[in-house]
Amino acid sequence: MAVTHMTEPHTGDDEPLLSVRNLTKHYPITDGLLATDVGRVRAVDGIDLDVYPGETVGIVGESGCGKSTAARSLLRLEEPTAGTVVFDGEDITAFDTSALKRFRRRAQLLFQDSDSSFDPRMNVGDAIAEPLTVQGMRERTRRREIVTDLLDRVGLSAADADRYPHELSGGQQQRVALARALSVNPELLIADEPTAALDVSVQSEILALLDDLHATVGLSILLISHDLGVIRQLCDRVAVMYIGEIVERGSVEDVFTNPQHPYTRALVASIPTTDPRERGTAVELTGDVPSPSNPPSGCRFHTRCPELIQPDGYDFDQRTWRRIMDLRQHLADGTVDIETICHQSVMDHDDDTGPDQRSETEPTAKLREEFALPEQLEDARADSILESALDCLVAGDPGRAADLLATEFATPCEQHAPTLEATDAGQDASCLRHD
Ligand code: ADP
Ligand code: MG
């Protein structure tokens, strides 16, 4: 079974409530007075997603992967660059203003930072009733009844209606924001990092509340979080997002117990564990998400992937291989400060020996140390190419160094994204196939 295919596994033959295809949001990068278009930030780069009635679907990924942009674009709070969003059978990308207004009632957004979305002069009751007022509900007593009921549903008391947002704790504010979102009886709630600003204990209360609403009201939820623990607690299915793309999707059970994409594996492995037997087995997920204005070629995760495929004929220790490729990346990014490193090397040398014993290889040894590379690679051929590249660097020719490394140490991951295959063979099995 291919994990990346478009139609998602889902039991039951009902139609999705929300069906997103090829959703794309690019921001232009402009330069100069004439605002010339010089590139694009590919914040969301062609994603597919379905949410079925009554389902809780998660989008997970590190900060900067495009999750919030996806949420805003699919609600048309920002105009998507491309793609279709079908809600209850209708294409919302074709909606006019009034149809869009009706849609926004049926699909509500809950943010991380509800504090900033409240009018500080409006009390809690009025804030919750505001969408009803906007809808044209004139009867004050009816609104009050609804507010009282909503406060109860989100675990607050009727008396809280007279309080003001600044008097509330973060958790209480999030409950009020939820009550307000629910006031218009939405079918879909898009919760974007709804608990990220809260203490852990309060976080689980809010998640439990969402779970409860999902069960009792039959609300469909699209839950966006960088926190796999949050996703695991609440979601039926999950899509894993990396630099504007969905790299893997499936049931939470499958994705968490048998992740197929190396990015998912790295995310899952980075979940803090209290089980000492599981510690130390984690693959490292280091560095930041690269900018979507210039996404890496091939598999977008290749610049950080701990499972990067090696060229034919090599069998490096995987960590060493990663570091060789990190050096290549630093050269490509122009972030190697060769002068400082070489200067440091001379200083170190002066410290422990006399200047007479200075040897020719010192600066390259320092470079190896700097990039956490072994003093010598086991493979003699690889080592001599690495050494030549380091020599070029020391000689002030980073371009040639980069070329040498790129020719010898190429990975198919630079060219192609992996095709994911579900395997029964467990985590050690290679699930990657490059076409
Ligand atoms: P996430 O919610 O996963 O943290 P975002 O959707 O906020 O990610 O951002 C994804 C990427 O898009 C980031 O690199 C961010 O800097 C960029 N981005 C978001 N909004 C804009 C914008 N209005 N203009 C340009 N770039 C943007
Ligand atoms: Mg976000």
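This briefing covers a ligand site and the sheet beside it in one structure. The model is predicted. Ligand 1 is surrounded by 13 residues. Four strands form an open sheet. Helix 1 lies across strand 1, strand 2 and strand 4, and helix 1 also gives the most residues to the shell around ligand 1.

**Around ligand 1**

- Which residues are closest to ligand 1? They are Gly64, Gly66, Lys67, Ser68 and Thr69.
- By type, the shell divides into five nonpolar, five polar and three charged residues.
- Helix 1 supplies four residues to this shell, the most of any element.

**Polar contacts of ligand 1**

- Glycine 64 uses its backbone: an N or O atom there lies 2.6 Å from an oxygen atom of ligand 1.
- Cysteine 65 also brings a polar backbone atom, 3.2 Å from an oxygen atom of the ligand.
- Threonine 69 uses its side chain instead: an N or O atom there is 2.5 Å from a ligand oxygen.
- How much of ligand 1 does the protein bury? Taken alone, the ligand exposes 570 Å², and the protein buries 62% of that.
- Two elements give two or more residues each to the shell: strand 2 (36-51) and helix 1 (67-74).

**The sheet**

- Follow the strands across the sheet and the order is 2-1-4-5, with antiparallel pairing.
- Which strands form the edges? They are strand 2 and strand 5 (90-91), and each pairs on one side only.
- In a regular strand, side chains alternate between the two faces of the sheet.

**Strand 1 and strand 2**

- These two strands pair in the antiparallel sense over twelve bridges.
- One pair to find is leucine 23 and its bridge partner in strand 2, isoleucine 47.
- The hairpin of strand 1 and strand 2 has four residues between the strands.
- In that hairpin, glycine 32 takes a positive phi near 80 degrees.

**Strand 1 and strand 4**

- Strand 1 (residues 18-31) also runs antiparallel to strand 4 (residues 82-87), and five bridges join them.
- Arginine 21 has threonine 84 as its bridge partner in strand 4.
- Leucine 18 stands opposite phenylalanine 87, again in strand 4.

**Helix 1 and the sheet**

- At what angle does helix 1 run to strand 1? The angle is about 110 degrees.
- Helix 1 lies across strand 2 as well, and both helix 1 and strand 2 give residues to the ligand shell.

Terms used
Residues numbered from 1 in each chain as written. Chains lettered and ligands numbered in written order. Predicted model: local features only at pLDDT ≥ 70, side-chain atom pairs only at ≥ 80, totals over all residues. Heavy atoms only, no water. Near = heavy atom within 4 Å. Polar contact = N/O pair within 3.5 Å; in protein donor to acceptor, adjacent residues only side chain to side chain. Areas by Shrake-Rupley, 256 points an atom, 1.4 Å probe, with all protein chains shown as cover. Nonpolar A, V, L, I, M, F, W, Y, C, P; charged D, E, K, R; others polar. Pairing = 2+ DSSP bridges. Contact = heavy atoms within 4.5 Å. Axes fitted to C-alpha atoms, helices over the stretch in contact; angles between N-to-C directions.
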